[in-house]
Amino acid sequence: MKKVIFTLIAFMFCLGLSFAQVDPRQSPPPTSAAVGSSPVQAGNWIVGGSIGSLGYNFTTESFGLVLNPRAGYFLMDDLAVGLGVTVGLTTVPNFENIWSYGVTPFVRYYFPEGATATSRFFGEAEAGLAGSTEASDASFLAGLRLGYAHFISNNVAIEGTFGYTYSRANINTGAAVTGLAVGLGFQIYLPGRANR
């Protein structure tokens, strides 16, 4: 397992170095774009995802990764609804890999207060069902997040989120798991037909 993680880290490092090659005659790429409120207008679409959790536990030698792809639609200015998918993997030595999955509809609101030409704060709520290869029962999953979107181009934003997740690990027994989570991701904002 250590070899796999080391290889993965080395590969990502080399990949990052290959993208870091910059021609000194060119100006540096922009790090922000003044978009105002155009990405969050009614009729637009949002597509993207985040890494909700990535970590390695040195005590148990376990590795965990959770990905959250999602897509949504702006019903009105600043308010998007959509559907997210959760896919996770936990590896523990001498045990089978544990895959987790879930489907979570979400509502996201971008606050006009505190908005700048290049960034927006947002709040998000989600609720849905989740499961894993470890248990045969479905789980109820709900979460609340606060986030910050920084636009690096007219249609792409890098996001950071901080949130609280509640999961009823087994609906039949009533056992529950809760926790805080930090996420990092990106979103692509696609203009709707009326906004092109």
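A residue counts as buried here when its relative accessible area is under 20%. By that cut-off R70, with a relative accessible area of 10%, is buried, and R70 makes a handy way into this predicted model. Before following that arginine around, a quick look at the overall layout helps.

The protein has 1 helix and 8 strands, and reading along the sequence gives the order α-β-β-β-β-β-β-β-β. Of its 196 residues, 30% are counted as buried. Looking at contacts between residues at least 6 apart in sequence, 54% of them bring together residues at least 24 apart. As for the outside, about 12,100 Å² is exposed, and 68% of that comes from carbon and sulfur atoms.

Back to the charges. The structure contains 7 salt bridges. One of them pairs E124 with R70, with 2.7 Å between the closest N and O atoms. The partners come from distant parts of the chain: E124 belongs to strand 5 (residues 119-132) and R70 to strand 2, 54 residues apart. Both E124 and R70 are buried. R70 also forms a salt bridge with E126, where the closest N and O atoms are 3.6 Å apart. Here R70 sits in strand 2 and E126 in strand 5, so this pair ties together parts of the chain 56 residues apart in sequence. E126, at 9% relative accessibility, counts as buried because the cut-off is 20%.

A further salt bridge is made by E159 and R108, whose closest N and O atoms are 2.8 Å apart. Again distant parts of the chain are linked, with E159 in strand 7 (residues 156-170) and R108 in strand 4, 51 residues apart. E159 is buried, and R108 is too. Put together, R70, R108, E124, E126, R145 and E159 are linked in a network of salt bridges.

The two arginines just described also turn up next to aromatic rings. R70 lies over the face of F106, 4.3 Å from the ring centre. For R108, the charged end sits over the ring of F122, at 3.9 Å from its centre. So what else does F122 belong to? F122 is part of one aromatic cluster, together with F74, Y110, F151 and Y189. R108 therefore has a place in the salt-bridge network while its charged end sits over a ring of that cluster.The structure holds 9 aromatic pairs in total. Among them is the pair of F74 and Y110, which is tilted, with 5.8 Å centre to centre and 40° between the planes. F74 lies in strand 2 (residues 62-76) and Y110 in strand 4 (residues 98-111), so the pair ties together parts that are 36 residues apart in sequence. Both rings are out of reach of the probe: F74 is buried at 0% relative accessibility, and Y110 is likewise buried, with a relative accessible area of 0%.

The surface has a greasy side of its own. W45, V47, Y73, L75, M76, I158, L184, F186, I188 and L190 make a nonpolar surface patch of about 910 Å². Strand 1 (45-57), strand 2 and strand 8 (175-190) are the elements that give two or more residues to this patch. Strand 8 supplies the largest share, with 4 residues.

Two members of the patch show how exposed its residues can be. V47, found in strand 1, counts as partly exposed at 36% relative accessibility. I188, in strand 8, is also partly exposed, with a relative accessible area of 30%. Leaving aside neighbours within four places in sequence, I188 is in contact with W45, I46, V47, N155 and V156. The C-alpha atoms of I188 and W45 are 8.2 Å apart in space, although 143 residues separate the two in sequence.

Definitions and conventions:
Residues are numbered from 1 along each chain as its sequence is written. This is a predicted model: local features need pLDDT of at least 70, side-chain atom pairs count only at pLDDT 80 or more; totals for chains, interfaces and linings use all residues. Side-chain values use heavy atoms; hydrogens and water are left out. Rings of Phe, Tyr and Trp (its six-membered ring) pair if their centres lie within 6.5 Å; planes under 30 degrees apart count as stacked, over 60 as edge-to-face and the rest as tilted. Buried means under 20% relative accessible area, exposed over 50%, partly exposed in between (1.4 Å probe, protein chains only). A charge sits over a ring if NZ of Lys or CZ of Arg is within 6 Å of the ring centre and within 35 degrees of the ring normal. Patches are made of residues with over 30% relative accessible area and no salt bridge: like charges are joined within 9 Å, nonpolar side chains (Val, Leu, Ile, Met, Phe, Trp, Tyr) within 5 Å. Accessible areas come from the Shrake-Rupley method with a 1.4 Å probe; for residues, only the protein chains shown count as cover. A salt bridge is a side-chain nitrogen of Lys or Arg within 4 Å of a carboxyl oxygen of Asp or Glu. Contact means heavy atoms within 4.5 Å.
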